[in-house]
Amino acid sequence: MTGTTIELRGVTKTFPGSATPAVAPLDLTMGDGEITVLIGPSGCGKTTTLRMINRLTNPTAGVITIDGTDVRERSLTELRRGIGYVIQQIGLFPHRTVAQNIATVPKLVGWDRARIKARVAELAELVGIEPAMLGRYPAELSGGQQQRVGVARALAADPPVLLMDEPFGAVDPIVRARLQRELLALQARVHKTIVLVTHDIDEAVLLGDKVAVLNVGGILEQFAAPDDLLAHPANEFVADFVGHERSIKRLSLSRVEDLDLGTGPVVDRSASVDEAHAVLARTGSTWLGLTADQQFLGWVPAAELAVAGAGLDGLDALEVRPPAAQVHRDATLREALELILTSSSSTAVVVNDDGTYGGTVTLESIRGGLAR
Ligand SMILES: Nc1ncnc2c1ncn2[C@@H]1O[C@H](COP(=O)(O)OP(=O)(O)OP(=O)(O)O)[C@@H](O)[C@H]1O
Ligand SMILES: [Mg+2]
């Protein structure tokens, strides 16, 4: 099943007895099959916004539609069947086993026992819960395992929409990183429309197709793709929020193939010595790269080419040094930078999917990529 678009139009929430709104008039579109992240300081209305989508809270004003239909036009049962909800602090039922927790919604909507059992087994496998854990109680699981059960429970009836309120808030950083990767892998298979709340900008940038930065009072400061947010924060609040290491964070988001790779100081080994000199002169490089059949062979110091001089018949006679730094074209800029910094080479050779030579990456080209 594919996802579903959620639209908020002028959605406002003022709690009874409160002078100021918890959520200001908010306009937001959460894309079909995408992960939309809501981030902002404590009390800025993130949970309230999620709870208005599945009508656990009613807006004071404004309209929320899912696939064009006002959520108020659906029966509560029908609406919530289509929306999985992972609540803040996991919220498993302590006196029910893992299997019973996962089966909550299927049982509610009257599936038969065999179907429920099959679905529980399927979900346990999907989120990485061992079958042996199904009979345990939540207190007998680690934080990360409880988290997975929470996700499995939310996915049980295969809802097109998933609301996740700080789903990884309760686990340590290592488990958190693993759960984040698992969520992305899972999403690549199930394509839900996910709205995920977090406090953590790194998590937002990693998981979000789009990120909404909210300020106190539910004011939307910026709604953008992660790279946009880091490259062009709309105002000081957002800049403060994304932090001072914006460029470092962006390195993890851009890939080598997004750069202008150029051909580098590289020629085919069948090229003439004159051509080789011309390439060196043009690029100002102190090393010449050689390819054969579009494969990168290695480097030759420009000085050796000069020494061999006029006596040299062809480039074949030169001794080629294997490349110290090679990156695949889908490597992140962060990986490419790491490689350049830790190898003896200031130039990394880019390798295409089919193993052919794809150009070069240098510190300069990485800097250029971030300047865009
Ligand atoms: N049931 C309620 N009655 C009155 N005020 C409420 C209620 N629920 C939330 N609020 C207030 O609305 C504001 C937004 O709360 P909300 O829980 O949406 O924030 P949040 O962004 O999820 O915060 P956190 O990051 O701490 O979870 C807060 O000021 C909160 O005190
Ligand atoms: Mg909250």
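**Exercise 1. Which residues of β15 point one way, and which the other way?**

Solution. This is a predicted model, in which local features need pLDDT of at least 70 and side-chain atom pairs count only at pLDDT 80 or more, while totals for chains, interfaces and linings use all residues. Residues are numbered from 1 along each chain as its sequence is written, and chains are lettered from A and ligands numbered from 1 in the order in which they are written.

Step 1: Strand β15 covers residues 347-351, where strands (E, at least two residues) and helices (H or I, at least four) are DSSP runs numbered from the N terminus.
Step 2: T347, V349 and V351 point one way from β15, whereas A348 and V350 point the other way. In a regular strand the side chains alternate between the two faces of the sheet.
Step 3: 5 of the 5 residues of β15 are buried; a residue is buried if 20 or more other C-beta atoms, placed from the backbone, lie within 10 Å of its own, exposed if 12 or fewer, and partly exposed in between.
Step 4: Strand β14 (residues 326-328) runs parallel to β15 and is joined to it by 3 bridges, and H328 has V351 as its bridge partner in β15.

**Exercise 2. Describe the overall form of the chain.**

Solution.
Step 1: The secondary structure of the chain comes to 15 helices and 16 strands.
Step 2: The radius of gyration is 27 Å, well over the 21 Å that the globule rule gives for 372 residues, so the chain is more spread out than a compact globule. This radius is taken over C-alpha atoms, and the rule is 2.2 Å times the number of residues to the power 0.38.
Step 3: Taken along the principal axes, the box that the C-alpha atoms fill is roughly 90 × 50 × 35 Å.
Step 4: Of the 372 residues, 36% count as buried. Among the contacts (C-beta atoms, placed from the backbone, within 7 Å) with a separation of 6 or more, 62% come from residues 24 or more positions apart.

**Exercise 3. Work out which strands stand at the edges of the open sheet of 3 strands.**

Solution.
Step 1: The order of this sheet is β11-β12-β13, with mixed pairing, and two strands pair if DSSP finds at least two bridges between them.
Step 2: β11 (266-268) and β13 (295-301) each have a single partner strand, so one side of each is left without a neighbour in the sheet.
Step 3: Strand β12 (residues 287-292) pairs with β13 in the antiparallel sense over 6 bridges, and L290 has G298 as its bridge partner in β13.
Step 4: The loop between β12 and β13 holds D293 and also Q294. Phi is positive in both, near 50° for D293 and near 65° for Q294. D293 counts as exposed because it has 10 C-beta neighbours inside 10 Å, and Q294 counts as exposed with 12.

**Exercise 4. Place helix α1 against the open sheet of 4 strands.**

Solution.
Step 1: The order of this sheet is β2-β1-β4-β5, with antiparallel pairing.
Step 2: β2 (23-30) and β5 (69-70) stand at the edges with a single partner strand each, so one side of each has no neighbour in the sheet.
Step 3: Strand β4 (residues 61-66) is joined to β5 by 2 bridges, with D70 in β5 as the bridge partner of T65.
Step 4: Helix α1 (residues 46-53) lies across β1 (6-13), β2 and β4, and runs at about 120° to β1. Axes are lines fitted to C-alpha atoms, for helices over the stretch in contact, and angles run from 0 to 180 degrees between N-to-C directions.

**Exercise 5. Decide whether L229 and K210 are buried, exposed or partly exposed.**

Solution.
Step 1: L229 has its place in helix α9 (residues 226-231), and it counts as buried because it has 30 C-beta neighbours inside 10 Å.
Step 2: Not counting residues up to four places away in sequence, L229 touches V211, Q222, A224, V238 and V242.
Step 3: K210 lies in strand β9 (residues 210-215), and with 19 C-beta neighbours inside 10 Å it counts as partly exposed.
Step 4: Leaving aside neighbours within four places in sequence, K210 is in contact with G31, E34, T36, F223, A224 and A225.

Definitions and conventions: Contact = placed C-beta atoms within 7 Å.
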